[in-house]
Amino acid sequence: MTVTHGPRSRPRRAVPSREGAGRDRFPGPGSTAATLGRVLALGLIIGVALWAAAPLVSARQWIGVGIVAGVTALAVYVYMSPRRLPAKYLLPATLLLVAFQVFPVLYTMSLALTNIGDGHLGTKQEAIAAIEASSVRREPGSAEYRLTVAETDGSLVFLLADPARRRAYAGTEDGLREIRGASFGAGGRVTAAEGYTVLTPAQAAARGEEVSSFAVPVDGGAIRAQGLTRAYEGRATLGYDVGCDCVSDGTTTWRADDERGRFTAPDGTSLAQGWKVGVGWANLTAALTNPKINTHFLGVFVWNLCYAIAVVGLTAALGVAAALVLHHPRMRGVRIYRTLVVLPYAMPAFAMLLVWRDMFNTDFGLVNRMLGVDVDWLGTPLTARVSVLLVQVWLGFPYMFLVATGALQTIPAEYLEAAQVDGATAWQRFRVVTLPLLLLALAPLLVSSFAFNFNNFNGVFLVTAGGPFPSDNPTVGATDLLITYTFRLAFGEQGAQYGLASAISIYVYLIVAVISIIGFRRTRAFKEVS
Amino acid sequence: MRGMVVRHAAAIAVTAFAVLPIVFVLSAALDPIGTLNSATLVPRGAGLGNAVKLFTTTPFWTWYRNSVVVSALTAVLSVAVAALAAYAFSRFRFAGRRAGLASLLVIQAFPQFLAIVPLYVIFSTISDNWPEFGLNSVWGVVLLYIGGQVGVNTWLIKGFFDSIPRELDDAMLIDGCSHTQAFRRVVLPLAAPVLAISGLLVFIATINEFLIASVFLTGDDARTLAVGLFGLLADQRNANFGMFAVGTLLTAIPTVAVFQFLQRYIVHGLTAGAVKG
């Protein structure tokens with residue numbers, strides 16, 4: 001078989017090689033350089049792959065190794081192939097998009113189907129362990145140790161000395177283990193032990209939070225630190241019972257509620273620590289049907305829409321007006337005006353947003369001082385909305401001005417002269433000739449400006465942070481856009497609700513996607529008109 | 001003549017609106033007291049006290065370097081990656097081309113920072129394995145920004161490539177060039193305006209980006225200007241205002257420099273679609 005297969009396959013391979021020789025009809029400087037380039041590319045791909053795979057192999061993350069191998073194979077195939085593949089040009093963009101845009105979106109969608117958030121971050125096992133560990137209370141007469149905080153391989157270790165028996169133990173997250181050959185210092189604390197790095201008091205203090213939450217599990221309880229030099233053995237007051245799938249402290253019993261991911265007592269109260277469970281479409285429907293959420297959602301959506309439309313309309317109007325004012329053959333000083341008007345575009349937006357916030361300050365803000373008034377600009381809903389609009393108009397109109405100026409210069413003077421000959425007034429010439437041509441040039445910009453301002457997080461968050469908030473409801477402010485509202489849901493002081501926030505961000509996403517598709521179609525239509 | 005007076009009055013009003021906040025920043029930067037409630041439109045004195053204080057009490061130049069490095073790398077690399085993809089979409093006809101373009105449009109509509117929890121998970125994993133690209137690393141954030149920008153830029157650049165006649169490529173091929181050479185020597189130089197404008201827009205968007213940077217670049221050495229200056233006001237909003245104003249003015253320099261550098265290519269690219277925020 002192999003013998004007959006060999007000769008038969010050889011002419012077949014010759015066919016592509018003749019095509020390859022065909023390419024040599026355009027030898028150019030290409031062929032040797034191309035071969036060299038291919039060799040370099042191969043070396044680069046293999047090098048990166050080896051570098052990327054090394055830590056994964058040593059950490060035994062075989063899924064990761066598989067992904068690296070797959071991507072490498074794909075890259076080698078694409079770039080070593082002599083054919084002219086579109087993938088050669090598409091691969092870098094595709095990989096980056098998949099890793100940092102597609103995967104996060106899909107992940108967000110999967111989170112939207114869970115109750116993930118504060119108190120619902122981990123698995124049920126982790127929740128039980130956390131409940132038991134945090135319920136450890138000291139009992140009279142329990143064992144006490146002298147504590148030395150140390151580390152091994154970067155993870156925290158408690159070196160515990162029992163002064164009564166002059167014994168030393170190493171306590172890790174896995175349990176307690178006796179160590180020999182430790183040296184003791186004054187006060188009976190361990191000062192050195194083989195294999196462990198003792199932290200200085202300053203280093204230990206810097207990891208104070210880690211130290212105080214560290215628990216060394218022992219039978220029926222745990223050893224916890226009390227300060228940085230003492231530790232005690234305490235008993236867990238809450239215990240989990242597999243038989244009834246419940247947590248009990250002897251008097252009250254909290255039963256596991258696997259649908260909502262928490263332990264609930266008969267009187268309806270729950271333990272703060274729960275776990276992550278799938279909740280199906282609950283978050284997605286809650287955003288639409290839960291009256292507590294959907295009234296906010298709708299109100300914010302309407303303001304969001306008004307905000308984006310108003311910003312686009314006002315920036316375009318002011319930009320075009322300024323361009324028209326300066327567009328006159330007898331106008332003097334045009335260059336200076338232009339340079340000054342475009343200045344806001346050069347300033348860093350994030351910083352200027354903060355400057356505007358402080359200019360609106362009631363007590364020592366520039367706006368109040370210049371106008372001689374005492375208005376709490378960012379404190380009442382109406383003035384706050386006016387303020388964020390004003391700020392965004394300031395940031396956005398110079399660009400509109402720039403584009404409108406350019407577009408005005410490309411409008412052929414003949415059109416206007418012809419209209420004038422036909423007896424059109426100045427206003428008619430503007431309305432019938434100049435404005436339509438200007439709008440044609442501005443259309444793509446108006447669409448992208450709308451899409452941008454619909455999600456203008458900085459423009460609202462840095463100025464008002466979504467506020468002012470009604471006194472009875474700190475979750476929705478008067479200037480909140482969907483995106484700042486969602487952000488506060490996910491990371492706000494009310495406690496993180498990633499699941500709900502993810503569901504709402506999916507809606508935001510759908511809205512923006514629809515807008516950008518419509519916008520795209522409109523601008524294409526505009527182009528065909530021209 | 002009355003028309004000209006009205007025009008000048010309107011022009012002066014618009015210019016005043018545009019310039020006043022900047023004058024305020026300039027004055028606050030020079031003001032010797034350097035607090036928000038002392039800042040006025042006309043400074044009571046001029047001094048470099050705020051600047052000296054900014055340079056000595058904060059790692060301002062480290063922030064500055066980080067911002068410029070992140071923004072420049074993101075601008076150059078994302079335009080490069082996007083130009084390659086745009087070339088494939090513009091000049092090749094392959095299965096899935098239309099679907100690819102449509103999905104690019106849909107994917108890039110998702111605001112990247114809404115997915116900040118998943119992104120954090122991704123970066124924790126990266127930090128564990130390749131700390132060079134993980135949290136508090138300039139390179140990691142650059143990759144993240146490119147991933148978020150590449151969709152928009154591909155569309156923008158592809159639109160421009162479409163307007164370059166294919167006959168030019170074909171002429172190069174007949175003259176014995178490879179496709180890569182046709183791309184490099186004909187299409188890319190002709191597309192300079194759109195490459196310049198996309199680069200500028202990415203640069204501006206990146207140097208202004210606050211949210212992702214505030215989550216991923218928290219180490220003292222890794223902060224960008226947006227994160228660092230924001231922290232300055234968060235600590236002592238009133239007292240640090242003069243320092244903040246100095247920082248704001250200095251932050252404008254790279255943007256203006258990039259704009260000046262790219263200006264000669266930009267004239268045609270301006271209308272290609274851009275916003276600022």
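Ile63(A) sits in helix α3 of chain A. Buried or exposed, how does Ile63(A) count? Its relative accessibility is 72%, over the 50% cut-off, so Ile63(A) counts as exposed. Do keep in mind that this is a predicted model.

Ile63(A) has company on the surface: together with Ile67(A), Val71(A) and Leu95(A) it makes up a nonpolar patch, and the four share about 380 Å² of accessible area. Helix α3 of chain A, residues 62-80, supplies the largest share of this patch, namely three residues.

**Salt bridges**

Let us turn to charged pairs. Over all chains, the structure holds nine salt bridges. Here are three of them, with the separation of the closest N and O atoms.

| Positive partner | Negative partner | N to O distance |
|---|---|---|
| Lys124(A) | Asp245(A) | 3.0 Å |
| Arg207(A) | Glu210(A) | 3.1 Å |
| Arg91(B) | Asp169(B) | 2.8 Å |

Take the pair Lys124(A) and Asp245(A), joined by a salt bridge. Lys124(A) belongs to helix α5 (residues 124-134) of chain A, while Asp245(A) is in the loop between β12 (239-241) and β13 (246-248) of chain A, so the salt bridge ties together parts that are 121 residues apart in sequence.

In chain B, Asp169(B) and Arg91(B) meet through their side chains in a salt bridge. Asp169(B) lies in helix α7 (residues 166-174) of chain B and Arg91(B) in helix α3 (residues 60-91) of chain B, so this pair ties together parts that are 78 residues apart in sequence. Asp169(B) has 5% relative accessibility and counts as buried. Arg91(B) is buried as well, with a relative accessible area of 4%.

Back in chain A, Glu151(A), Arg207(A) and Glu210(A) are joined into one network by salt bridges that share partners. Within this network, Glu210(A) is partly exposed, at a relative accessible area of 37%.

**Chain B as a whole**

What secondary structure does chain B have? The chain has 12 helices and zero strands. Its C-alpha trace spans about 70 × 70 × 30 Å along the principal axes. Chain B has 277 residues, and 56% of them count as buried.

Contacts in chain B reach across the sequence: among those between residues at least 6 apart, 72% join residues at least 24 apart. The accessible surface of chain B is about 11200 Å², and carbon and sulfur atoms account for 67% of that area. As for charge, chain B carries 17 positive and 12 negative side chains, with the centres of the two sets 11 Å apart.

Technical notes:
Residues numbered from 1 in each chain as written. Chains lettered and ligands numbered in written order. Predicted model: local features only at pLDDT ≥ 70, side-chain atom pairs only at ≥ 80, totals over all residues. Heavy atoms only, no water. Helix = DSSP H or I, 4+ residues; strand = E, 2+ residues; numbered from the N terminus. Buried < 20%, exposed > 50% of the residue type's maximum accessible area, 1.4 Å probe, protein only. Contact = heavy atoms within 4.5 Å. Areas by Shrake-Rupley, 256 points an atom, 1.4 Å probe, with all protein chains shown as cover. Lys, Arg positive; Asp, Glu negative; His and termini not counted. Charge placed at Lys NZ, Arg CZ, Asp CG, Glu CD. Patch = residues over 30% accessible without salt bridge, like charges linked within 9 Å, V, L, I, M, F, W, Y side chains within 5 Å.
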